[in-house]
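Work through the exercises below with the sequence and the model side by side. Try each task before reading its solution.

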Amino acid sequence: MFRTSRPFNFFSKTNKNQQHLSASSSSCRQEEANQKKSLLGLAQHHPNVKLPSQYHEKPREDQIQRCCHRFQKYPNAVDTLYKTLLKIKANPMEPKYRIIDTAHPGYQRSLANVPGIEPLLQAIYFVPSGKKNQLLLRHLDRNLLQFALKCLEEVRQKTEYIQSKQEMQFRKEMNALLRTVPSDSEVRERNVLLSKLPKEAMEGSGTLIQIKIPLLNDDNTETSETLQRHFDSDDTIQDIVHWLGGTIGTMFVANLTQNRTWSLVDRNRMTTGNESNSVPVDCSGSSGNRTLQYHGLWPSGKLVLFPSSTAWRDNDPSLQVEIGGSRGLASGV
């Protein structure tokens with residue numbers, strides 16, 4: 001008598017999703033088949049063409065070497081990994097050395113997010129243990145472990161590692177210097193240096209000198225602090241040195257002008273990609289008495305503090321700035 005409506009299908013949406021997933025799976029399988037067919041066709045028509053093997057297909061020794069090359073500019077990671085593998089070598093059957101907690105503050109501080117670290121651990125048979133944030137050495141291959149240690153030892157001899165470690169130590173030194181409360185004698189010496197400074201130029205009429213001080217956070221991430229002051233164009237590099245010595249520490253005077261342990265690099269002349277190897281501004285002798293305008297630090301100047309290279313400390317003549325390359329009055333000399 002009454003026509004009943006078609007019963008509502010509560011699972012219609014689920015069925016559609018299942019159909020969609022089935023279609024997606026089919027599409028993926030088809031794509032894989034097409035790729036294999038394409039590679040097979042390439043091999044048939046171009047038998048002499050060889051495709052490079054993928055990373056995971058390479059021998060484990062090659063994987064280790066490649067990983068070490070990737071993180072050679074991360075000295076803290078290199079040192080931490082080297083010590084870890086040495087402990088495994090010395091205590092091969094000790095369970096605590098065969099487990100790495102990736103959530104541990106030490107791992108997070110030194111190894112986390114460093115390119116090449118996890119692939120290297122995988123290459124020497126570290127695998128997820130099944131527990132959260134934990135890696136387990138599934139199989140100890142002594143030859144592979146020794147090869148990894150050898151590669152890490154070679155990395156520690158490379159220029160990139162040595163230079164990066166020197167810069168890291170320099171950042172730590174700057175951290176300590178800025179946090180240290182000066183003694184009474186240090187305060188008196190700083191005041192003497194500040195008394196030698198010319199009056200600060202008015203904003204808009206003088207040159208704004210900015211000096212970037214590289215620092216290191218507690219978690220080993222890089223940071224910096226910038227100091228700035230206005231100078232007149234006829235003020236000198238020595239005035240900048242006195243300002244730094246009077247503001248941060250008197251050791252700046254000796255380290256910039258006498259033993260040349262530290263150096264100031266003009267950011268406008270820095271070598272891209274190799275900033276710490278750029279030729280610094282000479283703060284010593286007659287060069288320190290030349291004006292900021294002569295050195296190209298007018299109408300503004302941006303300097304970066306760096307640890308000096310061995311060649312700069314030894315006053316290597318080949319590192320002298322070519323006069324014609326200056327941005328200031330020296331370009332006309």
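The exercises go from the whole chain to a sheet, its packing and a few backbone details.

This is a predicted model, in which local features need pLDDT of at least 70 and side-chain atom pairs count only at pLDDT 80 or more, while totals for chains, interfaces and linings use all residues. Residues are numbered from 1 along each chain as its sequence is written, and side-chain values use heavy atoms, with hydrogens and water left out.

**Exercise 1. Confidence**

Task: Find where in the chain confidence is lowest and where it is highest.

Solution:
- Start with the average. The pLDDT, the predictor's confidence in each residue from 0 to 100, has a mean of 82 over the chain, and 77% of the residues reach 70 or more.
- Next, go through the elements. Helices (H or I, at least four residues) and strands (E, at least two) are DSSP runs, numbered from the N terminus. Confidence is lowest in helix 1 (residues 12–45), with a mean of 50, and highest in helix 6 (residues 142–155), with 97.
- Then check the two ends. Over residues 1–25 the pLDDT stays under 50, and the model has one contact (heavy atoms within 4.5 Å) beyond four places in sequence for them. Residues 322–333 also stay under 50, but have 24 such contacts.
- Where pLDDT is low, the predicted coordinates should not be read in detail.

**Exercise 2. The chain as a whole**

Task: Describe the chain by its secondary structure, its buried share and its contacts.

Solution:
- The secondary structure comes to twelve helices and seven strands.
- Of the 333 residues, 36% are buried. Buried means under 20% relative accessible area, exposed over 50%, and partly exposed in between (1.4 Å probe, protein chains only).
- Take the contacts between residues at least 6 apart in sequence: 71% of them join residues at least 24 apart.

**Exercise 3. A four-stranded sheet**

Task: Work out the strand order of the open sheet of four strands and state which strands stand at its edges.

Solution:
- Two strands pair if DSSP finds at least two bridges between them. Strand 4 (residues 207–216) and strand 7 are joined by five bridges and run parallel.
- Strand 6 (residues 262–266) is joined to strand 7 by five bridges, and these two run antiparallel.
- The order is 5-4-7-6, with mixed pairing. Strand 5 (222–231) and strand 6 are at the edges with a single partner strand each, so one side of each has no neighbour in the sheet.
- On average, neighbouring strands are turned by 25° against each other, direction ignored.
- Individual pairs can be located in strand 7: Ser 300 is the bridge partner of Leu 208, Gly 301 stands opposite Ile 209, and Leu 303 stands opposite Asp 266.
- Strand 7 (residues 300–307) has six of its eight residues buried, so it is largely enclosed by the rest of the structure.

**Exercise 4. Helices on the sheet**

Task: Identify the strands that helix 7 touches and list the buried residues of helix 7.

Solution:
- Helix 7 packs on the sheet of strand 4, strand 5, strand 6 and strand 7, touching these four, and its direction makes about 105° with that of strand 4. Axes here are lines fitted to C-alpha atoms, for helices over the stretch in contact, and angles run from 0 to 180 degrees between N-to-C directions.
- Helix 7 (residues 159–179) has 21 residues and spans 30 Å from its first C-alpha to its last, close to the 30 Å expected at 1.5 Å a residue.
- Its buried residues are Tyr 161, Gln 163, Ser 164, Met 168, Phe 170, Arg 171, Met 174, Asn 175 and Leu 177.
- Helix 9 (residues 237–247) lies across strand 4, strand 5, strand 6 and strand 7, and runs at about 125° to strand 5.

**Exercise 5. Backbone exceptions**

Task: Locate the cis peptide bond and describe the setting of Asn 113 and Asn 133.

Solution:
- Most residues other than glycine have a negative phi, and most peptide bonds are trans.
- The cis bond joins Trp 298 and Pro 299, with omega about 5°. Pro 299 lies in the loop between helix 11 (285–288) and strand 7.
- Asn 113, not a glycine, has a positive phi of about 65°. Asn 113 is in the loop between helix 4 (105–110) and helix 5 (117–123), and counts as exposed because its relative accessibility is 81%.
- Asn 133 has a positive phi of about 60°. Asn 133 sits in the loop between strand 2 (126–128) and strand 3 (134–137), and is partly exposed at 36% relative accessible area.

Notes: The expected span of a helix is 1.5 Å times one less than its number of residues.
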